[in-house]
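Notebook open, model loaded. I'm jotting down what I look up as I go.

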Amino acid sequence: MTLLFMAAACGQTPSTSASASPDGPDRPVETQAGPSPAVPVGDTLDPRKVQWSSATPAEGGRSLDLVWWSGVEPCNVLDRVEVDERTDKVIVTLYEGRDRRSPDAVCIEIAIQKTTRVELRSPLDGRQVVDGAR
């Protein structure tokens with residue numbers, strides 16, 4: 001069963017590659033495809049905080065488009081996004097874990113750029129956006 005899943009995962013077209021980057025061998029190389037959309041699934045195994053690389057205001061500052069580097073599913077899935085809105089800043093924390101439906105999955109180690117949109121209770125209106133995983 002695991003081998004069948006791995007074969008299916010290998011057939012997907014990744015949006016990034018961990019191969020030869022001008023910035024060094026450990027830097028992911030972004031391709032034209034762009035970030036892969038991710039939706040929080042909740043109830044993952046071993047959820048952990050994950051740093052995001054950018055947060056871009058959308059919908060007139062009423063939401064944020066977050067982008068981060070991750071691994072392939074089912075080993076790395078978005079568990080949840082916590083948003084703590086304060087008067088001077090918005091703290092956004094991403095959590096990823098392993099998909100509960102595939103607890104014994106074996107995944108290739110390749111960097112995948114992912115994105116998700118989070119809604120804000122109030123427009124950003126000049127508040128600083130802070131990564132809660134840093």
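Ground rule before I name any element: helices (H or I, at least four residues) and strands (E, at least two) are DSSP runs, numbered from the N terminus. This is a predicted model, so I note that local features need pLDDT of at least 70 and side-chain atom pairs count only at pLDDT 80 or more, while totals for chains, interfaces and linings use all residues. Residues are numbered from 1 along each chain as its sequence is written, and side-chain values use heavy atoms, with hydrogens and water left out.

**Entry 1: overview.** I get one helix and ten strands for the protein, in the order α-β-β-β-β-β-β-β-β-β-β along the sequence. I look up burial next (buried is under 20% relative accessible area, exposed over 50%, partly exposed in between, with a 1.4 Å probe and protein chains only). Of the 134 residues, 35% count as buried. For contacts (heavy atoms within 4.5 Å), I take those with a separation of 6 or more, and 72% of them come from residues 24 or more positions apart. The protein exposes about 8200 Å², with carbon and sulfur atoms supplying 51% of that; the areas come from the Shrake-Rupley method with a 1.4 Å probe, and for residues only the protein chains shown count as cover.

**Entry 2: R101.** I find R101 in the loop between β8 and β9 (112–119). Is R101 buried or exposed? R101 counts as exposed because its relative accessibility is 70%. I also check polar contacts: pairs of N or O atoms within 3.5 Å, where within protein one must be able to donate a hydrogen and the other to accept it, and residues adjacent in sequence count only if both atoms are side-chain atoms. The R101 side chain makes one with the side chain of D99, at 2.6 Å. L45 sits 56 residues from R101 along the chain, and their C-alpha atoms are separated by 9.5 Å.

**Entry 3: the disulfide.** My cut-off is a pair of cysteine sulfur atoms within 2.5 Å, which gives a count of one disulfide. C75 is joined to C107, S to S 2.2 Å. The two cysteines link distant parts of the chain, 32 residues apart: C75 is in the loop between β6 and β7 (77–85), and C107 is in the loop between β8 and β9. The S-S torsion is about 85°, so I log the disulfide as right-handed. C75 is buried, at 17% relative accessible area.

**Entry 4: an open sheet.** I count two strands as paired if DSSP finds at least two bridges between them. One open sheet has four strands in the order β3-β9-β6-β5, with mixed pairing. β3 (36–37) and β5 (54–58) are the edges; each has a single partner strand, so one side of each lacks a neighbour in the sheet. β5 and β6 run antiparallel, joined by five bridges, and A55 stands opposite L66 in β6.

**Entry 5: S63.** S63 is in strand β6. It counts as buried because its relative accessible area is 0%. Its side chain makes a polar contact with that of E59 at 3.4 Å. Beyond four places in sequence, S63 touches residues including T56, P57, R117 and L120.

**Entry 6: the core.** I take a nonpolar core as buried Ala, Val, Leu, Ile, Met, Phe, Trp, Tyr and Cys residues joined through side-chain atoms within 4.5 Å. The largest has 13 residues, and W52, L64, L66, W68, V92 and L94 touch the most other members. β6 (63–70) and β8 (89–98) are the elements that give two or more residues to this core. Past four places in sequence, the contacts of L66 include W52, V81, V92, L94 and V118.
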